[in-house]
Each structure stands twice: as C-alpha cells, then as structure tokens.
Amino acid sequence: MAFTLYSLLQSVLLVVNVVAVLQEERFLRHVGWGSDQGIGGFGEEPGIKAQLMNLIRSIRTVMRDKVMIFCLNNIVHKVLLL
C-alpha cells in the first residue's frame, strides 16, 4: 500500500471523526479535560490545555454533520472499489 494524497486525506478524516465523537462525560472528564477544568482568571492567557479543549469543542460543534457525510461517502467509495 503506497502512501498517497488520498490516504493522507483519509487519515485526517478519521482523526477529525474521532475528535468529533469524543464526549466530555465519558472520556474527556476522566482524563482531566472536562469543561470545568483549566478555567483561568480574567485577563490571563489561556494555556495549551484550554486552547486544545476549545479546538475540540469547535470541531464537535461545526464539523459533526459534515464529518458524518464525508465518512459515509468514504465508506461507499471503498465498497464500490472492492
């Protein structure tokens, strides 16, 4: 199996899919990445953890429906090629 642009896009799609389906109550809170963790004070720069949590929440909010469509398209494409 060769490393192609299609396989790179497919792996990025799978990573975004994993981020989109993460649930705070089941996974993120148990490792200390819940929504109530890492709240800074007023005027402080947010840390890396807070920025990553913000990115995860943004991906879940914006990309959830789009990722499902792309994943279904990818599955249908793989099935038709077999």
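Tutor: Before we start, a quick definition: helices are DSSP runs (H or I) of at least four residues, and they're numbered from the N terminus. Keep in mind, too, that this is a predicted model.

Student: Okay, so how many helices are there in the chain?

Tutor: Read along the sequence, the pattern goes α-α-α. Strands come to zero, and the number of helices is three.

Student: Which element has the highest mean pLDDT?

Tutor: Over the whole chain the average pLDDT is 77, with 79% of the residues scoring at least 70. Among the elements, helix α2 (residues 24–28) has the lowest mean, 70. At the other end, with a mean of 83, sits helix α1 (residues 5–21).

Student: Where does Phe3 lie, and is Phe3 buried or exposed?

Tutor: Phe3 is in the segment before α1. The cut-off for exposed is over 50% relative accessible area. Phe3 has 70%, so it counts as exposed.

Student: How many Å² does the nonpolar surface patch with Phe3 cover?

Tutor: Nonpolar side chains tend to be buried together in soluble globular proteins. Here, though, Phe3 joins Leu5, Leu8, Leu9 and Val12 in a nonpolar patch on the surface. The area of that patch is about 540 Å².

Student: And what share of the accessible surface belongs to carbon and sulfur atoms?

Tutor: The accessible surface of the chain totals about 6,700 Å². Of the 82 residues, 21% count as buried. As for the surface itself, the carbon and sulfur share is 68%.

Student: Let's go inside. Which helix gives the most to the largest nonpolar core?

Tutor: That core has six residues, namely Val19, Leu22, Leu28, Met53, Ile56 and Ile59. Three of them come from one helix, the top contributor, and that's α3 (residues 48–81).

Student: Which residues does Val19 touch, leaving out those up to four places away in sequence?

Tutor: Val19 is itself a member of the core, along with Ile56 and Ile59. Those two are among its contacts, and the full set is Ile56, Ile59 and Arg60.

Student: What's the C-alpha separation of Thr61 and Ala20?

Tutor: Thr61 is in helix α3, and it counts as exposed because its relative accessibility is 67%. Along the chain, Thr61 and Ala20 are 41 residues apart. In space, their C-alpha atoms are separated by 8.0 Å.

Student: Which residues is Arg64 in contact with, leaving aside neighbours within four places in sequence?

Tutor: Arg64 is also found in helix α3, and at 41% relative accessibility it's partly exposed. C-alpha to C-alpha, Arg64 and Val21 are 7.6 Å apart, with their positions 43 residues apart in sequence. The contacts of Arg64 are Ala20 and Ile59.

Student: Last one: what percentage of contacts join residues at least 24 apart?

Tutor: For this, a contact means heavy atoms within 4.5 Å. Taking contacts between residues at least 6 apart in sequence, the share joining residues at least 24 apart is 63%.

How values were computed. Residues numbered from 1 in each chain as written. Predicted model: local features only at pLDDT ≥ 70, side-chain atom pairs only at ≥ 80, totals over all residues. Heavy atoms only, no water. pLDDT = per-residue confidence, 0-100. Helix = DSSP H or I, 4+ residues; strand = E, 2+ residues; numbered from the N terminus. Patch = residues over 30% accessible without salt bridge, like charges linked within 9 Å, V, L, I, M, F, W, Y side chains within 5 Å. Areas by Shrake-Rupley, 256 points an atom, 1.4 Å probe, with all protein chains shown as cover. Salt bridge = Lys/Arg side-chain N within 4 Å of Asp/Glu carboxyl O. Buried < 20%, exposed > 50% of the residue type's maximum accessible area, 1.4 Å probe, protein only. Core = buried A, V, L, I, M, F, W, Y, C linked by side-chain atoms within 4.5 Å.
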